[in-house]
Amino acid sequence: MLPLNTLIIVKKDSKTPIYQQIIERFIYLIQTGTLKKGQKIMSSRKLSELLDLHRKTITIAYEELILQGWLETKQGSATFVANNLPEIKSEKLIDNPVFLPKTAGFNFDSKSFLHREVVKASDKLHLDDGFPDPRLAPLVDLARAYRSNLVHGNSYVKLGYGDTKGAYWLRQELAKYLNESRGLKITPDNVLIVRGTMMGMYLLTTAFVKTGDYVVLGEMTWSSAKINFLHAGANILTIPTDENGIMVDVLEELCKKHPIRLIYITSHHDYPTTVTLKADRRIKLLKMAEKYRFIIFEDDYDYDFHYQSKPLLPLASADEVGVVLYSGSFTKSISPAFRVGYLVAPEEVIEHLSYYRRIIDRQGDTMLENAIAELLHEGVIQKHLRKSLRGYRERRDFFCELLTQKLKNEVSFQIPEGGMSVWTKFDKSIDLVKTAENALRNGLYFSNGLQHNLPDYNINSTRLGFASSTVEELEKCVEILEKSITKV
């Protein structure tokens, strides 16, 4: 009989229960062929003595191994390795066995456009893509509202399965809020709650874009949107952007040549350039969508942050024929960590999209959705937006002044009317990639701008986000950026 006391090593200071350690070790010994099928196992009493453990611990482990089918009992009380296990060739034992290999045991296609660097939050200084400052978020109010919704009310209802479209209270409050702030004319039935714009985009492409459909994007666009359309098998066409937004006259020429299915736009602050789509182009785009019967996906990712005057209303506010799918989220108003967004569309479309949402995510975080609904109902989020808007305007002005003072010969930009970042063009003599690398070594993160380049042209530009840093931090950021400039 094998000396199990030397083969089964128990770590009493481990967080894993001792009986579970014994189970895992037995399974490993059987899987590697050290313990063979039909082999007799020493009694629980004997093993407990050898390992200096309570017999009950060994008994629990044996019972679980029997239930799982690794061991079996015969002839009264004797225990054996189960006979119905396949014959396994004995392998050399290792101290730290790795059960799961790095590579898969089956074939699959890996699409290159899905391979993107994941940008994670860090404690470094940053001029990010245009994120909010979570230090300004109403987290105390959110925690209070979350706890309130968690503790009070009917537990079976609030903690059970809910509406696939999202918590009705949030859809109700959102409809009211969007009608008041954006001029929409909607009811809760026009709202689908999603886990951010990314989910909304995925639902859209799954439900409405087929392989071979023509989808129009700006020449420079949000890479996550482009990836979704590529994944759906769409033929992607692009149109240029100028100081007045996307050039809709070019779109009309495309409509005459191809059956356009959808156009993706960031009308309020174009991504990445931050320019606003002007009113005459908005009107023309809506008329073209009605004429050619294509979908307008309007990603209004930072509508609440406009610094000049009352911003232009979204296209969705003037949509009378049901061609616009309007998308937004609480990423910018609260924080990216809280995955709550929304789609606004005709009731028929919302109902259709809810079927697809159900098969990828049965429902969202009902507690979080109701907590946000409570904050909307109380006016907390509205008050927070007004306060943070003043703070972000101050940061924008300070940052743009710093760029002008410190880097006037290296960069050029237009002061953005809204949003949380400055579209910054670097002089052709500057190697933006190496500059970003140097800055990172010096404690500052910002994007090297490669994702914004056109196929045959390096625009040498990037988005420098100012909203998530205080004025003191922005001063340090520009100081590091200035020292990190690298010439070609």
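**Helix 10 and the salt bridges of the model**

Glu-252 has its place in helix 10, which spans residues 248-257. The model is a predicted one, and the account below starts from this helix before turning to other parts of the chain. With a relative accessibility of 19%, Glu-252 counts as buried, because the cut-off for that class is under 20% relative accessible area. Once its neighbours within four places in sequence are set aside, Glu-252 is in contact with Lys-284, Met-288, Lys-291 and Tyr-292.

One of these contact partners, Lys-284, also takes part in a salt bridge, in which its side chain meets that of Asp-249 at 2.3 Å, N to O. The pair links distant parts of the chain, since Lys-284 belongs to helix 11 (residues 279-292) and Asp-249 to helix 10, the two residues being 35 residues apart. Lys-284 counts as partly exposed at 29% relative accessibility, and Asp-249 likewise counts as partly exposed, at 47%.

Helix 10 also holds a salt bridge between the side chains of Glu-253 and Lys-256, with an N to O distance of 3.6 Å. Because these residues lie 3 residues apart in helix 10, about one helical turn separates Glu-253 from Lys-256. Glu-253 is partly exposed, with a relative accessible area of 41%, whereas Lys-256 is exposed, with a relative accessible area of 57%.

Such pairs rest on a general principle: side chains of opposite charge can pair when their charged atoms come close. In this model the count comes to 19 salt bridges.

Away from helix 10, Asp-361 forms a salt bridge with Arg-195, and the closest N and O atoms of the pair are 2.7 Å apart. Asp-361 lies in the loop between helix 12 (347-360) and helix 13 (366-378), while Arg-195 lies in the loop between strand 5 (191-194) and helix 8 (197-208), so the salt bridge ties together parts that are 166 residues apart in sequence. Asp-361, at 17% relative accessibility, counts as buried, whereas Arg-195, at 32% relative accessibility, counts as partly exposed.

Salt bridges can also be followed beyond single pairs in this structure, as Asp-133, Arg-135, Arg-395 and Glu-473 are linked in a network of them.

Conventions:
Residues numbered from 1 in each chain as written. Predicted model: local features only at pLDDT ≥ 70, side-chain atom pairs only at ≥ 80, totals over all residues. Heavy atoms only, no water. Helix = DSSP H or I, 4+ residues; strand = E, 2+ residues; numbered from the N terminus. Buried < 20%, exposed > 50% of the residue type's maximum accessible area, 1.4 Å probe, protein only. Contact = heavy atoms within 4.5 Å. Salt bridge = Lys/Arg side-chain N within 4 Å of Asp/Glu carboxyl O.
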